[in-house]
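Biologist: I would like to learn how to read strands and surface patches. Could you walk me through an example?

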Amino acid sequence: MPVTLLGIRAPSYLNTVLEVPYHIHFLADDKSALGHVTDLQADDLLVEWSRVNAINLHMWDTR
């Protein structure tokens, strides 16, 4: 299943809030699944980095 990973790297003063400096979510390209990434292994992985200052997340209604 192709997915997009969306993550943040928190500054050290937020480590007690996020527990680790990286907090990563995944979103299936077909929007059929989303969630937290707790472990990642891949035989074939493409990574593209983009730095942004703000993100607005909008969830969709599947009803």
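Modeller: Gladly. This is a predicted model. Let us take the nonpolar surface patch as our way in. Strand E1 (3–9) and strand E2 (22–28) each contribute at least two of the residues in that patch.

Biologist: Which residues form the nonpolar patch on the surface?

Modeller: Here are the members: Met-1, Val-3, Leu-5, Tyr-22, Ile-24, Leu-40, Leu-45, Val-47 and Trp-49. Together they have about 990 Å² of accessible area.

Biologist: How do I read exposure for a single member? Is Tyr-22 buried, partly exposed or exposed?

Modeller: Compare the relative accessible area with two cut-offs: under 20% is buried, and over 50% is exposed. Tyr-22 has 47%, so the residue is partly exposed. Tyr-22 sits in strand E2.

Biologist: And where does Leu-40 lie?

Modeller: In the segment after strand E3 (34–36). Its relative accessible area is 48%, so Leu-40 also falls in the partly exposed class.

Biologist: Which residues does Leu-40 contact, leaving aside neighbours within four places in sequence?

Modeller: Leu-5 and Leu-45. Both of these contacts are listed in the nonpolar patch, as is Leu-40.

Biologist: Now the strands. How many bridges join E1 to E2, and which way do they run?

Modeller: Count the bridges, then read the direction. E1 and E2 are joined by seven bridges and run antiparallel. One position to look at is Leu-6, which is opposite His-25 in E2.

Biologist: What about E2 and E3?

Modeller: That pair is antiparallel too, with three bridges. Follow His-25 across: its bridge partner in E3 is His-36. So His-25 faces Leu-6 on the E1 side and His-36 on the E3 side.

Biologist: What should I check in the hairpin of E2 and E3?

Modeller: Check the length of the link and its backbone angles. Five residues lie between the strands, and Lys-31 takes a positive phi near 60°.

Biologist: How far apart are Phe-26 and His-36 in sequence and in space?

Modeller: They are ten residues apart in sequence, and their C-alpha atoms are 6.2 Å apart. Phe-26 belongs to strand E2.

Biologist: Which residues does Phe-26 contact, again leaving aside neighbours within four places?

Modeller: Val-3, Thr-4 and Leu-5 are among them. The others are Ala-33, Leu-34, Gly-35, His-36 and Val-37.

Biologist: Is Phe-26 buried or partly exposed?

Modeller: Buried would need a value under 20%. Phe-26 has 22% relative accessibility, so the residue counts as partly exposed.

Note on methods
Residues are numbered from 1 along each chain as its sequence is written. This is a predicted model: local features need pLDDT of at least 70, side-chain atom pairs count only at pLDDT 80 or more; totals for chains, interfaces and linings use all residues. Side-chain values use heavy atoms; hydrogens and water are left out. Helices (H or I, at least four residues) and strands (E, at least two) are DSSP runs, numbered from the N terminus. Buried means under 20% relative accessible area, exposed over 50%, partly exposed in between (1.4 Å probe, protein chains only). Contact means heavy atoms within 4.5 Å. Patches are made of residues with over 30% relative accessible area and no salt bridge: like charges are joined within 9 Å, nonpolar side chains (Val, Leu, Ile, Met, Phe, Trp, Tyr) within 5 Å. Accessible areas come from the Shrake-Rupley method with a 1.4 Å probe; for residues, only the protein chains shown count as cover. A salt bridge is a side-chain nitrogen of Lys or Arg within 4 Å of a carboxyl oxygen of Asp or Glu. Two strands pair if DSSP finds at least two bridges between them.
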